[in-house]
Amino acid sequence: MYATSYHRTSSVDEAVNLRASQDEGRYISGGMTLIATMKQRLAAPSDLIDLRHIAGLKGITVKGRTVRIGAATPHADVASSVEIRALCPAICNLAGMIGDPHVRHMGTIGGSVANNDPAADYPSAVLALNATIITDRREIPADEFFQGMFETALQDTEILTAIRFEAPDKAGYAKFANPASRYALTGVFVAKTASGVRVAVTGAGSGGVFRVPEMEAALGASYLPESVAGISVDPGLLMEDMHATAEYRANLVRVMAKRAVQSSL
Amino acid sequence: MGMEGIGARVTRKEDKRFLTGKGRYTDDMVVPGMKHAFFVRSPHAHARITGIDASVALGMPGVIAVLEGKQLQADGIGNLICGWMVHSKDGTPMKMGAWRPLAIDTVRYVGDAVAIVVADSAAEARDAAEAVMVDYDELPAVTTSLAALGADAPQIHPEAPGNLIFDWQIGDPAATDAAIAAAAHVIEIDILNNRLSPNPMEPRATLGIYDEAEDHFTCYTTSQNPHVARLVMSAFYNVAPENKLRVIAPDVGGGFGSKIYIYPEEIVCLWASKKTGVPVKWTSDRTEAFLTDAHGRDHVSTVKMAFDKDHRITGLKVDTVANLGAYMSLFSSAVPTYLYATLLSGQYAIPAIHANVRTVYTNTVPVDAYRGAGRPEATYLLERTIETAARELGISPVELRRKNFIRTFPYQTPVIMTYDAGDYEASLSAAMQAADWDGFPARRAQSEARGMKRGIGMSCYIEACGIAPSQAVGSLGAGVGLWESAEVRVNAVGTIEVLTGSHSHGQGHETTFAQLVADRLGVPIASVNIVHGDTDKVQMGMGTYGSRSGAVGMSAVVKALDKVEMKAKKIAAHLMEADEADIVIENGDVKVAGTDKSLPWFQVALAAYTAHNLPSGMEPGLKESAFYDPSNFTFPAGCYIAEVEIDPETGKTEILQFVAADDFGNIINPMIVEGQVHGGLAQGIGQALLEEVRYDENNGQLLTASYMDYAMPRADDLPSFSLSHQNTPCPGNPLGIKGCGEAGAIGSPPALMNAITDAIGINTLSMPATPLKVWSALQAVQMRQAAE
Ligand SMILES: Cc1cc2nc3c(=O)[nH]c(=O)nc-3n(C[C@H](O)[C@H](O)[C@H](O)COP(=O)(O)OP(=O)(O)OC[C@H]3O[C@@H](n4cnc5c(N)ncnc54)[C@H](O)[C@@H]3O)c2cc1C
């Protein structure tokens, strides 16, 4: 790790102002991605602006069927939230599958969504649930937020403050973990609401998280595992690495979609 | 046996310190004036160094020195060596290329050390290391053994033309060829043994301290054998004479073989300490560990096994190519030869065996012994072959093994080894019963009903521990003897110190060695301390590897205890006016048998040191030492059974049960033995399902340089293990011990691969059986069937 200066901020404004005054500053939340990258010397921020101690950035509120998860909420809190589980157990299960207990108690939903790692779990839920990404300056619909591997709609100094979504009628998440890293080799989140079914895939796409319209249409017509069993995605759009070929990932998209639907019934 | 004696499940004395964070590892050592090192390493797999410019680095904050290979060479520091001479079958000695502690003209793998930066802090050393400008002319690189033997492969060492280190053989080629020619059936199979990274929890570290006043060096290091480290650094690397070099291996967090060897870093830090006048510490990070710790395995073999019409094995022919990496590590030559091919008879009576082994240089990390060292490779090859034979001959794999078991002992194999004792049938039956082998078809039907593929597989392994005797290994080329030493010091108040040349880095010696003393003298283990790991405290010893500490190290303690006991009895007889022959030691008392005369142990000890009333002519004191050189290897053996279920949609394997039935001879502490087996099984299952070191074949970059890509087994990858022990005591040592440290890693990979290939009905799968590979294999069959 290169030398860096650490700042603990207590308000969103303070953090944004500080960040705006630096060329090479970075926000830090759980640090589970950023610190590891810094240790490998792949990132060298001059300053770290810690968001975890800002009042209001952490915590879960449920009003009616509207769920709001503060950006600095660790995965473990989502995994164990009784309130969310009552409305959308799939996202609790997803959070419980991230990394190991250490990672789940440090890593945050805001950090994960802002980072948009192509193998991260949360982006699939955010996209399938048609969630709204709330920042210090605006609200962004999920369909506009994710813009490719590690790319999002966030501007340079913009802080993601919360994720908000309406609880679906049904939702399921199925993950096939990379045997080494345990990130998603392929993960599929399926959500059914009054306005239709959304299917989002993580871990597989060479452009990051993506939706599968054919599966959405098929499930919209008949919400059963068999409906997606015959639908395949084009391997040409998928990642290929030592852990999985594109063909294998295409197979996993199909199988995990089926299992996600199954688990939501 | 008593509450704490041999056979008791005593909890480990050392665990309190480890579990409360009070262990003291090399990186915990802090000495006045200590500075930190970082190594500049090659980013290329193969390149010529055309220049090193440290001027910028030298001006950076905290930097004390940047030292390079030419300076080291000018100071007379020698090259690293392989300590086991193997000759090719044409009689020529192995062709060892020069391994300089810091590369001078050529780098040969990614991670090869080029320079050392010493600075006030580790971070400053690392910052400065990035500013050391090394100019390279890149050369083509080769990473796989077969490619390295190719006609147009890059030449890695001038000493080894065609990258061939040696072309060695064992056994009788003519008899084996004749057996194959006359056979009713010949089974042929290609076997790959995947390359592994050992991954001890504690990464390597070293602290070099030069004391100018005494012209003396101290080396703290993560070593499994500090005396061997001192010997080698003194005799070959010219660091300092032995009496001017103290090596301390304090608490060491796992080794699995990778900490047997002397690496460049120890030598360079000692030298750098003298050069700079400050103590120099280096601690590897995890990526450096992947890049520089000796790897294991990496064999490519072809096999022919001949059977007569009654399915008796009549011959075995093996051709193996072993990848030794960019340099020959300390025992690298012995692993694919004397630790591998000598075990190719397995548990079977095979009249004719011939194995040919070629070892080659590649642009990869050096390869040396890793848990099991050669024996996992032999077991995997043999147990996959016999399973394949059973499938091809259409008979039960159990019956085929039973028919060919060795049943009388001692048994001389055609490949050097003389097995001294064993009962292979006992372990086989125990394992089959524990696994409910006969109930498998019904279980398979249940799985099939759920759309899953279920398989069962076994492996009957034999291995050789406590490599010995010294004369024999010397005649095979070993540069050292393989005995062990012990000193038993009874203090004046009766407490005891045992100084052992064995080294504990997870094995629990502080407990088991104390149990041995408790068993003999009836004293509590709390009054026994085990001292190891410091060349200034302990007499010359050979360290711990190859499951030798029980069979060899404890036998040395037994010999020293015999002497202590004899002297104590003489003193007691004298004090109690009895005949020496009537003295017995029981429960901490020294008694005259058949009388009520008795002295507590501490009084006999005290008498030895007050020396007021000793038998005439007897020297005061109660302290004895012994060196023990075994008469033979020991031969642990057993039967492992794995039952798996495979999800055909994803290719993922779930281990439903894993049964291990082991014959380790007598057991000192069953709890510790079970722990050793569990750990070994985890590593063997890791090899079969998850682990593989991979290089980019085009440029020699290590692709699996972190846990993001190198799949280590985790708790939820493993089932609960079902263990049992059979016992044919080893006749070769006083305790009847065989050793248990490696069996789990040796026996488990073939059991799993036999189960997986049984489940999917495809025999050609190689390790690791990742979901990707299993699914792809199933896909290929489906495509073929669809095409037909
Ligand atoms: C061993 C291990 C295993 C893991 N396994 C998984 C897994 O299985 N699945 C998975 O999905 N993830 C996994 N992760 C990643 C983990 O979930 C991280 O917590 C997550 O990706 C990042 O969250 P963080 O709070 O730690 O963010 P940080 O590391 O602090 O930050 C990540 C990035 O986001 C930016 N950032 C953080 N917060 C904000 C914000 N509020 N607004 C704007 N930008 C922000 C930072 O500047 C940085 O660029 C694993 C991590 C580790 C170390």
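Helix α7(A) gives the largest share of the shell around the ligand, 4 residues. The model is predicted.

**The ligand site**

Which residues come nearest to the ligand? Of the 30 residues around it, they are A:Tyr27, A:Ser29, A:Gly31, A:Thr108 and A:Asp121. The shell divides into 14 nonpolar, 11 polar and 5 charged residues.

Oxygen atoms of the ligand make polar contacts with chain A. One lies 2.6 Å from an N or O atom in the side chain of A:Thr108. Backbone atoms take part too. A polar backbone atom of A:Leu34 is 2.8 Å from a ligand oxygen. For A:Arg182, the distance from a polar backbone atom to a ligand oxygen is 3.0 Å. Taken alone, the ligand exposes 960 Å², and the protein buries 90% of that. Two elements of chain A, β2 (25–28) and α7 (109–115), give two or more residues to the shell.

**A hairpin in chain A**

Strand β4 (residues 60–63) and strand β5 (residues 66–70) of chain A pair in the antiparallel sense. They do so over 4 bridges. In one of these pairings, A:Thr61 has A:Arg68 in β5(A) as its bridge partner. The hairpin has 2 residues between the strands. There, A:Gly64 takes a positive phi near 60 degrees.

**Salt bridges**

Side chains of opposite charge can pair when their charged atoms come close. Over all chains, the count comes to 61 salt bridges. Three of them are set out here.

| Pair | N to O distance |
|---|---|
| B:Glu649 and A:Arg259 | 2.8 Å |
| B:Lys591 and B:Glu586 | 3.1 Å |
| B:Asp310 and B:Lys309 | 3.9 Å |

The salt bridge of B:Glu649 and A:Arg259 has an N to O distance of 2.8 Å. This pair crosses between chains. B:Glu649 sits in the loop between β26 (637–647) and β27 (652–663) of chain B. A:Arg259 belongs to helix α12 (residues 246–264) of chain A.

How accessible are these residues? B:Glu649 counts as partly exposed because its relative accessibility is 25%. A:Arg259, with a relative accessible area of 30%, is partly exposed. In chain B, B:Lys591 is partly exposed at 24%. Its partner B:Glu586 is partly exposed at 39%. The last pair is split. B:Asp310 is partly exposed at 38% relative accessibility, whereas B:Lys309 counts as exposed at 65%.

Salt bridges also link into a network in chain B. Its members are B:Asp436, B:Arg443, B:Arg450, B:Arg454, B:Glu643 and B:Glu645.

Methods. Residues are numbered from 1 along each chain as its sequence is written. Chains are lettered from A and ligands numbered from 1 in the order in which they are written. This is a predicted model: local features need pLDDT of at least 70, side-chain atom pairs count only at pLDDT 80 or more; totals for chains, interfaces and linings use all residues. Side-chain values use heavy atoms; hydrogens and water are left out. Two strands pair if DSSP finds at least two bridges between them. A salt bridge is a side-chain nitrogen of Lys or Arg within 4 Å of a carboxyl oxygen of Asp or Glu. Buried means under 20% relative accessible area, exposed over 50%, partly exposed in between (1.4 Å probe, protein chains only). A residue is near a molecule or strand if one of its heavy atoms lies within 4 Å of it. A polar contact is a pair of N or O atoms within 3.5 Å; within protein, one must be able to donate a hydrogen and the other to accept it, and residues adjacent in sequence count only if both atoms are side-chain atoms. Accessible areas come from the Shrake-Rupley method with a 1.4 Å probe; for residues, only the protein chains shown count as cover. Ala, Val, Leu, Ile, Met, Phe, Trp, Tyr, Cys and Pro count as nonpolar, Asp, Glu, Lys and Arg as charged, and the others, Gly among them, as polar.
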